[in-house]
Amino acid sequence: MNEKVMKATRNVAVVGPYLSGKTTLLESLLFVTGAISRKGNVKDGNTVGDSSTEARDRTMSVEVSTASTEYQGINFTFVDCPGSIEFIQETYNALIGVDAAIVVCEPVCDRVLTLAPLFKFLDDWEIPHLVFINKMDRANNNFMDVLHALKTVSSRPLIPHQYPIGQGENLIGFIDLVTEQAYHYHAGAPADPIPLPEELREQEHTARQEMLEELANLDDHLLEELLEEIEPPVEEILQDIKMELGADLIVPVFLGVADQDYGVRPLLEALLREAPEPETTAEHRGIVLHEDAPLAQVIKTYYTPQGGKLSLVRVWKGTLTDGIVLNNVRAGGLYRLMGQQPMSVQEAQAGSIVALGRLEGIHTGDTLTTAGKQLATELPKAEQLKPVYALAIAPEKRNDEVKLSSAITKLLEEDPSLAWEQHGDTHEVILWGQGEIHLQVALDRLRRKYNLPMTTHLPQVPYKETIRKPAASVHGRYKHQSGGHGQFGDVYLDIKPLERGQGFNFDEKIVGGVVPRQYIPGVEVGVREYLAHGPLGFPVVDVAVTLTNGSYHTVDSSEQAFKNAARLAMQSGMSQCQPTLLEPIISVKVCAPNEYTSKVLQLLTGRRGQILGYDRKVDWVGWDQVSAFLPQAEMHDFIVELRSLTMGVGFFSWQPDHLQEVPDKLAEKVLATTSNGNGKTNGNGNH
Ligand SMILES: Nc1nc2c(ncn2[C@@H]2O[C@H](COP(=O)(O)OP(=O)(O)OP(=O)(O)O)[C@@H](O)[C@H]2O)c(=O)[nH]1
């Protein structure tokens, strides 16, 4: 292991809520370190991050992108992560592979809640992170008020590292609370030291005391110094911050204006001083470093516009070279990525983040070793989010259908928070994801990368039907004479409703061979075939059918003729049984900050949901979890409304639960919109 390389590397994710300025900050970090000579900006679509067409079209990040630079002898790889909650899986997968994260947020007290899921993930994974309060040129709220608001959504104490000089448009610099040195910002150049403004002395003192007291909660020596009113040495404070940030015990808070490079150098210096080295991160993850065999983990999979596969990996130990065989697959190409630009490298040492080409069969999250797949002890992966939003899709051109499955497979490799299925009842291809924009981006990729323009519509609700009443001895006789020998089958069936969830049962009570044994399977097939489309046009469930009687003809009877007779019997019998529509009900667990619980309850009941109860969400301070049954017909845009009611942070998990009778009035509506009674109706029935 090359310890020198490990010590000289830092991998830092840039994360934070939607549009907080992460891509702009990355651009500034690359600019002030000299990795790029001219800064791009998000509106002009020429930044290093957000380099894909899908991102540029929407001026938002839709996948992670990495860029490397050097600052004061340290190689930094920054991973720019999407902020939108719909692309959060990307962020979670990438965070697994970094040493630290910069949480970029805006100085708005009302919006701190949007950070809650991210802080939760960082804290659960014990990923050291610091906060960069960006857009300080737009700050309306007092800095300490923002800090205190942020504290309410973090389980780790936030400590101010800086204090602003001026506010909003009048922001001119900052005070470093560790050294108590004030600085004046300059666009495009390092800040100048200036004397500490007298009028800020008291506020600076209060902020600094808050920092020292939080640190003293974790360091007895510092606590003693504070109690005895001894001024702690700067070195001791810095050492404490480094140790406690490294162990994810505190969250230092910085400030600035990314698009003017204000506060960006101090941020880099803090990362240099305080962010953990790759070796520390690896040890923290329980990786045994003294064995030299390479160990890496995939944090993102890309398919380039030319169709090549690139696996972005964090090298935990050992050295990767071009052509290395990992998990029995030979890598073809080893690259450092600068946005979408791959730059070939000969080798990648432990601690780096690089891309490997052509790792077929390897997926995001996989652990890679030279020991072969079976021998690799899997490193933990980020939790896979379950999709919550669906669209039915079909290729615009019919003969593209064959191409679709291989394109979707690649799409899902790039983005594991998508899923797809061919629905058994409705035969639709359903694309599942995390929200409307998420699916639009996936459809854009299908069109652009795979030349597969698609049409979309709301998925059909897979309604079923059943019966309320039995019918006895329903008769079906099939008699057909055509040329040679004819067709004859004759049956009597009893039809009975079954308990909900019992499915279908076929039985026979034939005595005296009135229907010969060899024809009985034909009767069952005929019944089953009929039940695929009941009188209302949907598959029939929870029905028992018994063959009770019949007759046959020695020459003309056949299995086929009995099948037809059974269908005829079902046709005449089922209409007497009061057919009724059933809808799928899903069980949902809806999670949101408790100030929104009453809105969540209203949302559910407004969608015919049945509330089963609610309670505090385990391990989520200040959050509730509501359990309910919800008709699947009401699920389509449920996530959209839930997010709009909860500042974007509410989420839910779901699973199919049972079938339930559709209330009569609604059933009429559903059946009226059913085209030609063939069971096709759109989701979201009554919206
Ligand atoms: N006033 C001001 N605007 C900024 C600052 N930083 C970024 N912006 C603007 O904020 C908007 C969003 O910036 P981005 O860098 O795309 O934000 P992001 O966090 O990467 O966005 P997503 O990744 O899509 O969540 C752009 O219009 C930027 O120009 C800043 O410090 N001050």
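Aspartate 145 is partly exposed, with a relative accessible area of 42%, and its place is in helix 6. The C-alpha atom of aspartate 145 is separated by 9.1 Å from that of proline 107, the two residues being 38 apart along the chain. These values, like those that follow, come from a predicted model.

**The chain as a whole**

The secondary structure of the chain comes to 18 helices and 34 strands, and the C-alpha trace spans about 110 × 55 × 45 Å along its principal axes. Of the 687 residues in the chain, 57% are buried.

**Surroundings of the ligand**

The shell around the ligand holds 19 residues, of which Leu19, Lys22, Thr23, Thr24 and Ser61 come nearest. By residue class, this shell divides into six nonpolar, seven polar and six charged residues. Polar contacts with the ligand include the three in the table below, which involve the side chains of threonine 24 and aspartate 137 as well as the backbone of alanine 258.

| Ligand atom | Protein partner | Distance |
|---|---|---|
| oxygen | N or O atom in the side chain of threonine 24 | 2.5 Å |
| nitrogen | N or O atom in the side chain of aspartate 137 | 3.0 Å |
| oxygen | polar backbone atom of alanine 258 | 3.0 Å |

On its own the ligand has 650 Å² of accessible area, and the protein covers 91% of this.

**Cavities**

Two cavities of 30 Å³ or more are counted in the model, and the largest cavity has a volume of about 90 Å³. The lining of the largest cavity is made up of Val98, Asp99, Glu126, Ile127, Pro128, Gly246, Pro276, Thr280, Thr281, His284 and Arg285, a set that divides into four nonpolar, four polar and three charged residues. Helix 11, which runs over residues 278–284, gives the most to this lining, with three residues.

**Residues in loops**

Which residues other than glycine have a positive phi? Lysine 135 and aspartate 619 are two such residues. For lysine 135, phi is near 55°, and the residue lies in the loop between strand 5 (129–133) and helix 6 (143–151); the helix that follows this loop is thus the one in which aspartate 145 is placed. Lysine 135 counts as partly exposed because its relative accessible area, 25%, falls between the limits of 20% and 50%.

For aspartate 619, phi is near 70°, and the residue is found in the loop between strand 32 (610–616) and strand 33 (623–631). Is aspartate 619 buried or exposed? Aspartate 619 has a relative accessibility of 63%, and since this is over 50%, the residue counts as exposed.

Histidine 423 also lies in a loop, in this case between strand 23 (419–422) and strand 24 (429–433). Its relative accessible area is 18%, and because this is under 20%, histidine 423 counts as buried. A polar atom of the side chain of histidine 423 lies 3.1 Å from the backbone nitrogen of aspartate 425, so that the polar contact, for which the limit is 3.5 Å, joins the side chain of histidine 423 to the backbone of aspartate 425.

Methods:
Residues are numbered from 1 along each chain as its sequence is written. This is a predicted model: local features need pLDDT of at least 70, side-chain atom pairs count only at pLDDT 80 or more; totals for chains, interfaces and linings use all residues. Side-chain values use heavy atoms; hydrogens and water are left out. A residue is near a molecule or strand if one of its heavy atoms lies within 4 Å of it. A polar contact is a pair of N or O atoms within 3.5 Å; within protein, one must be able to donate a hydrogen and the other to accept it, and residues adjacent in sequence count only if both atoms are side-chain atoms. Accessible areas come from the Shrake-Rupley method with a 1.4 Å probe; for residues, only the protein chains shown count as cover. Ala, Val, Leu, Ile, Met, Phe, Trp, Tyr, Cys and Pro count as nonpolar, Asp, Glu, Lys and Arg as charged, and the others, Gly among them, as polar. On a 1 Å grid over the protein atoms alone, a cavity is a set of points where a 1.4 Å probe fits but cannot get out, and a pocket is an open set with protein on both sides within 12 Å along at least five of seven lines; lining residues have an atom within 4 Å of a point. Grid points are joined across faces, edges and corners, and a volume is the space filled by probe spheres set on the points. Helices (H or I, at least four residues) and strands (E, at least two) are DSSP runs, numbered from the N terminus. Buried means under 20% relative accessible area, exposed over 50%, partly exposed in between (1.4 Å probe, protein chains only).
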